[in-house]
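Visitor: Mind walking me through this one? I'd like to hear the reasoning as well as the answers.

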Amino acid sequence: MHTLVLDPGFLPIKVISWRRALCLSFLAKVEVIASYEREVRTVSASYPTPSVVRLLHAARPGPQVVRFSRKNVYLRDNHRCQYCGVQYSDHELTLDHVVPRVDGGKTTWTNVVTACAACNRRKGGRTPEQAGLPLRTRPARPKWTPLTLAQRLPIHDVPESWRAWLGAA
């Protein structure tokens, strides 16, 4: 579970862990706008798990960096195999190194793409050119931020309490 953070003017600015949001709430740095049904229990009290919080004071925005992860690679490539172009679900996709790891290829944004199991097997430990499988798009670091990641998720993956703030129906 994650928490959507709003600026003092109620505009979404980032997504943080619910634990961090709860700590910020205890420090009186945020106001809890919405909570999940789940409660966090301590020895002496019980607290609702924050879903949406609003900063009480303006904060200087830091750099927004998209972390490398399997889910973010799937989102970057729009759940499409970068060799055959067919769209798949998460469990039907694999990650493929454009320059194979055995040839010194690194696990970076510019060397990893999504591939279906069939294309990944067909490519094997070769480059796309050697295997005769041209890439549909050149892999690159995404330009979207963690906030827009929440906006790119399928509507059923966005918590109900966030939808009013993200403009989702």
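What follows is a short chat about confidence, strands and aromatic pairs.

Visitor: Before we get going, which element of the chain has the lowest mean pLDDT?
Guide: This is a predicted model, and the chain as a whole has a mean pLDDT of 86, with 88% of its residues at 70 or more. At the high end of the elements sits strand S6 (residues 112–116), with a mean of 96. Where pLDDT is low, the coordinates shouldn't be read in detail. The element with the lowest mean, at 55, is helix H5 (residues 146–152).

Visitor: In what order do the strands of the four-stranded open sheet run?
Guide: Start with strand S1 (residues 2–6), which runs parallel to S4 and is joined to it by three bridges. On strand S3 (residues 30–41), eight bridges go to S4, and those two run antiparallel. With both senses in play, the pairing in the sheet is mixed, and the order is S2-S1-S4-S3.

Visitor: Which strands stand at the edges of that sheet?
Guide: Look for strands with a single partner, because one side of such a strand is left without a neighbour in the sheet. From one strand to the next, the twist averages 30°. The edge strands are S2 (12–17) and S3.

Visitor: How many residues lie between S3 and S4 in their hairpin?
Guide: You can follow the pairing through its partners: Val32 is bridged to Val53 in S4, and Val40 has Tyr47 as its bridge partner there. On the S1 side, Leu4 has Val52 of S4 as its partner. As for the hairpin formed by S3 and S4, the number of residues between the strands is four.

Visitor: Is S4 largely enclosed or largely open, and how many of its ten residues are buried?
Guide: Buried here means under 20% relative accessible area. Strand S4 covers residues 46–55, and enough of them are buried that the rest of the structure largely encloses it. The count of buried residues is seven of the ten.

Visitor: Which residues are buried on each face of S6?
Guide: S6 is mostly covered, with five of its five residues buried. Strand S5 (residues 93–97) pairs with S6 in the antiparallel sense over five bridges, and Leu93 has Cys116 as its bridge partner in S6. Both faces of S6 are covered: on one side the buried residues are Val112, Thr114 and Cys116, and on the other Val113 and Ala115.

Visitor: On to the rings: how far apart in sequence are the parts tied together by the pair of Phe26 and Tyr47?
Guide: There are two aromatic pairs by count. Phe26 and Tyr47 form one that is edge-to-face, 4.9 Å centre to centre with 70° between the planes. Phe26 lies in helix H1 (residues 18–26) and Tyr47 in strand S4, so the parts tied together are 21 residues apart in sequence.

Visitor: Are Phe26 and Tyr47 buried, partly exposed or exposed?
Guide: The partly exposed class lies between 20% and 50% relative accessible area. Phe26 comes out at 49% relative accessibility, and Tyr47 at 28%. Phe26 counts as partly exposed, and Tyr47 also counts as partly exposed.

Visitor: What about Phe68 and Trp109: what geometry does that pair have?
Guide: Planes over 60 degrees apart count as edge-to-face. The ring centres of Phe68 and Trp109 are 5.2 Å apart and their planes stand at 75°, so the pair is edge-to-face.

Visitor: And where in the chain is Trp109?
Guide: Trp109 is buried, at 6% relative accessibility, whereas Phe68 is partly exposed at 32%. The pair links distant parts of the chain, 41 residues apart, with Phe68 in the loop between S4 and helix H2 (70–76). Trp109 sits in the loop between S5 and S6.

Methods:
Residues are numbered from 1 along each chain as its sequence is written. This is a predicted model: local features need pLDDT of at least 70, side-chain atom pairs count only at pLDDT 80 or more; totals for chains, interfaces and linings use all residues. Side-chain values use heavy atoms; hydrogens and water are left out. pLDDT is the predictor's confidence in each residue, from 0 to 100. Buried means under 20% relative accessible area, exposed over 50%, partly exposed in between (1.4 Å probe, protein chains only). Two strands pair if DSSP finds at least two bridges between them. Axes are lines fitted to C-alpha atoms, for helices over the stretch in contact, and angles run from 0 to 180 degrees between N-to-C directions. Rings of Phe, Tyr and Trp (its six-membered ring) pair if their centres lie within 6.5 Å; planes under 30 degrees apart count as stacked, over 60 as edge-to-face and the rest as tilted.
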